[in-house]
Amino acid sequence: MGCDWYRNEEWNDNIEKAFFDRLNRSRGQFHKAQYLRIQAVCLEKEEPEVALRLLDLIISEYPEPSELALVYFQKAECYVSLSMLDNAVYWYRKSLDQESVYKNVKTDCYLNYSVFAVTFELEELYQEVKKILLSNTERLKFPVDRYRYHMSLSIIEWEQGDCLKAKEHAGLALDAISNEYSGFRYHSKVGLVGNPDNRIVNKLLEILHS
């Protein structure tokens with residue numbers, strides 16, 4: 001497995017044994033927590049149950065404060081993959097709470113939680129995620145950040161009856177999709193929108209031209 005022993009994209013008994021053999025030889029809570037979390041990232045889409053087990057091990061055995069916001073965030077994403085939406089909401093909120101406690105670590109949880117809410121049409125969360133978005137405007141570094149931010153706010157404002165704000169945010173979200181330059185001189189393609197959900201794009205166009 002070499003230097004990538006904690007980045008396996010497949011999982012079986014042999015890989016698990018080799019992984020934990022290396023993990024047990026690693027030193028320090030911080031490094032063990034980091035290796036477990038990175039391995040969980042590699043598995044959270046295809047093997048979310050395994051990823052959750054690794055993340056739970058961090059919480060129970062290696063609760064490194066600087067890793068916990070990311071750990072909770074990843075748990076939420078795993079539960080989204082498993083369509084366990086109530087569990088996802090719980091862990092998104094835990095991640096945001098941890099960010100407020102350990103302020104040196106910031107994640108994309110505020111954006112993912114908002115996109116999750118509008119994608120699954122969880123209207124009971126709209127006011128909560130709107131408040132979260134509006135309190136994090138200064139963190140929008142990349143076109144994909146701006147897209148997710150304005151897309152979420154457009155749909156929320158539309159459902160809450162503010163058509164003018166919904167149209168404004170829809171236009172800004174669609175502008176972000178067309179952006180082909182990240183704004184960073186040496187990483188011009190980093191953080192571009194890529195392939196957005198066609199259903200969401202059509203909704204934004206409907207809002208903009210209504």
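Begin by selecting helix 5, where Ala88, Val89, Trp91, Tyr92, Ser95, Leu96, Gln98 and Glu99 are buried. Keep in mind throughout the tour that this is a predicted model. With helix 5 displayed as a cartoon, its length can be checked against expectation: at 1.5 Å a residue, its 17 residues should span 24 Å, and the end C-alpha atoms are 25 Å apart, which agrees. Next, bring up the surroundings, since what covers the buried residues of this helix includes helix 3 (48-61), helix 4, helix 6 and helix 7.

Stay on helix 5, which runs over residues 85-101, and pick out Glu99. Is the side chain of this acidic residue in a buried or an exposed position, judged by the relative accessibility of Glu99? At 4% relative accessibility, Glu99 counts as buried, because the limit for that class is under 20%. Once residues up to four places away in sequence are set aside, Glu99 touches Ala69, Val105, Lys106, Thr107, Cys109 and Arg139.

Now select the largest nonpolar core, a set of 63 residues in which Phe19, Tyr113, Tyr147 and Met151 have the most contacts. Helix 6 gives the most to this core, with eight residues. In soluble globular proteins, nonpolar side chains tend to be buried together. Centre the view on Tyr113 and show its contacts beyond four places in sequence, which are Val89, Tyr92, Arg93, Leu96, Leu125, Glu128, Val129 and Ile132. Among these partners, Val89, Tyr92 and Leu96 have already appeared as buried residues of helix 5.

From there, step along to Ser114, which lies in helix 6 (residues 109-119). Ser114 is buried, with a relative accessible area of 1%. Which backbone atom lies 2.7 Å from a polar atom of the Ser114 side chain? The backbone oxygen of Tyr110 is the atom to label there. Leaving aside its neighbours within four places in sequence, Ser114 is in contact with Val129, Leu133 and Ser152, and Val129 is also one of the contacts of Tyr113.

The last part of the tour follows charged side chains, for which a search of the whole structure finds 11 salt bridges. Select Glu67 and Arg37, whose closest N and O atoms are 2.5 Å apart in a salt bridge. This pair links distant parts of the chain, with Glu67 in helix 4 (residues 65-81) and Arg37 in helix 2 (residues 29-43), 30 residues apart. Glu67 is buried, with a relative accessible area of 4%, and Arg37, at 12%, counts as buried too.

Move next to Glu157 and Lys130, which form a salt bridge with the closest N and O atoms 3.4 Å apart. Here helix 8 (residues 143-159) supplies Glu157 and helix 7 (residues 126-134) supplies Lys130, the two being 27 residues apart in the chain. Both Glu157 and Lys130 are buried.

Continue to Lys203 and Glu159, whose side chains meet in a salt bridge at 4.0 Å, N to O. Lys203 sits in helix 10 (residues 198-208) and Glu159 in helix 8, 44 residues apart. Are these partners buried, partly exposed or exposed? Lys203 is partly exposed, with a relative accessible area of 21%, and Glu159 is partly exposed as well, at 39%. As a final selection, show Asp108, Asp145 and Arg148 together, which are joined into one network by salt bridges that share partners.

Definitions and conventions: Residues are numbered from 1 along each chain as its sequence is written. This is a predicted model: local features need pLDDT of at least 70, side-chain atom pairs count only at pLDDT 80 or more; totals for chains, interfaces and linings use all residues. Side-chain values use heavy atoms; hydrogens and water are left out. Helices (H or I, at least four residues) and strands (E, at least two) are DSSP runs, numbered from the N terminus. Buried means under 20% relative accessible area, exposed over 50%, partly exposed in between (1.4 Å probe, protein chains only). A polar contact is a pair of N or O atoms within 3.5 Å; within protein, one must be able to donate a hydrogen and the other to accept it, and residues adjacent in sequence count only if both atoms are side-chain atoms. Contact means heavy atoms within 4.5 Å. A nonpolar core is a set of buried Ala, Val, Leu, Ile, Met, Phe, Trp, Tyr and Cys residues joined through side-chain atoms within 4.5 Å. The expected span of a helix is 1.5 Å times one less than its number of residues.
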